[in-house]
Amino acid sequence: PETSVLGWETAHAAQVRIVREVEDIIRSFSDGDILIVGHGAVGTLLFCHLSDLPISRLYDQGTGGGGCFFEFTPAERQPKAKWRPMEFLMDQASP
């Protein structure tokens with residue numbers, strides 16, 4: 001997490017960046033749901049932070065043709081579940 005590869009920011013620096021941005025978003029919106037869409041790598045860094053886990057590829061998203069998601073509430077700031085495929089949302093919406 002502290003090593004830069006090919007001049008890119010470190011995983012730790014990227015985690016600090018995504019957590020700061022998400023905190024800013026939460027402070028900006030007091031009502032309703034918020035959808036944050038991003039690259040999976042920073043999503044995993046956010047997931048690790050919110051789950052109080054070390055930065056690790058062990059916590060990357062699983063498979064999912066349309067991408068993956070996790071949910072958390074602004075009040076608790078802890079994932080409700082592990083990563084799930086986006087298709088799960090369609091399954092939930094079906095009658």
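Q: How many disulfides does a search of the whole structure find?
A: Keep in mind that this is a predicted model. A disulfide is a covalent bond between the sulfur atoms of two cysteines. For Cys-48, the closest cysteine sulfur belongs to Cys-68 and sits 14 Å away, which is too far for a bond. Cys-68 is in no disulfide either, and the search of the whole structure comes up with 0.

Q: Is Cys-48 buried or exposed?
A: Here you need a cut-off: buried means under 20% relative accessible area. Cys-48 has 1% relative accessibility, so it counts as buried.

Q: Which residues of α2 are buried?
A: Let's start with the helix as a whole: α2 runs over 40-50. Of its 11 residues, 8 are buried, so α2 is largely enclosed by the rest of the structure. The buried ones are Val-42, Gly-43, Thr-44, Leu-45, Leu-46, Phe-47, Cys-48 and Leu-50.

Q: Which element do the buried residues of α2 pack against?
A: One example helps here: Gln-15 is in helix α1. Gln-15 touches Leu-45 and Cys-48, among others, and both of those are buried residues of α2. The element that the buried residues of α2 pack against is α1.

Q: Which residue's backbone oxygen lies 3.0 Å from a polar atom of the Gln-15 side chain?
A: Gln-15 has a relative accessible area of 11%, so it is buried. Leaving out residues up to four places away in sequence, Gln-15 touches Leu-45, Cys-48, His-49 and Ile-55. One of these supplies the backbone oxygen at 3.0 Å, and that residue is Leu-45.

Q: What does Thr-44 touch, not counting residues up to four places away in sequence?
A: Thr-44 lies in helix α2. With 3% relative accessibility, Thr-44 counts as buried. Skipping residues up to four places away in sequence, the ones it touches are Ser-56, Tyr-59, Asp-60, Gln-61 and Trp-83.

Q: Which residue with a positive phi follows α2?
A: Past the end of α2, look in the loop between α2 and β1 (68-69). The residue there has 71% relative accessibility, so it counts as exposed. Its phi is near 60°, a positive value in a residue other than glycine. The residue that follows α2 is Asp-52.

Q: How many Å separate the C-alpha atoms of Ser-30 and Asp-52?
A: Ser-30 is found in the loop between α1 (11-28) and α2 (40-50), while Asp-52 lies in the loop between α2 and β1. Along the chain the two are 22 residues apart. In space, their C-alpha atoms are separated by 24 Å.

Q: Is Ser-30 buried or exposed?
A: The cut-off for exposed is over 50% relative accessible area. Ser-30 has 74% relative accessibility, so it counts as exposed.

Q: What is the phi of Leu-6 near?
A: Find Leu-6 in the segment before α1. Its relative accessible area is 82%, so Leu-6 is exposed. Its phi is positive even though the residue is not a glycine, with a value near 55°.

Q: Which residues form a nonpolar patch on the surface?
A: Go to the segment before α1, where you'll find Val-5 and Leu-6. Val-5 counts as exposed because its relative accessibility is 54%, and Leu-6 is exposed at 82%. The patch has about 440 Å² of accessible area altogether, and its members are Val-5, Leu-6 and Trp-8.

Key:
Residues numbered from 1 in each chain as written. Predicted model: local features only at pLDDT ≥ 70, side-chain atom pairs only at ≥ 80, totals over all residues. Heavy atoms only, no water. Helix = DSSP H or I, 4+ residues; strand = E, 2+ residues; numbered from the N terminus. Buried < 20%, exposed > 50% of the residue type's maximum accessible area, 1.4 Å probe, protein only. Patch = residues over 30% accessible without salt bridge, like charges linked within 9 Å, V, L, I, M, F, W, Y side chains within 5 Å. Areas by Shrake-Rupley, 256 points an atom, 1.4 Å probe, with all protein chains shown as cover. Salt bridge = Lys/Arg side-chain N within 4 Å of Asp/Glu carboxyl O. Contact = heavy atoms within 4.5 Å. Polar contact = N/O pair within 3.5 Å; in protein donor to acceptor, adjacent residues only side chain to side chain. Disulfide = S-S within 2.5 Å.
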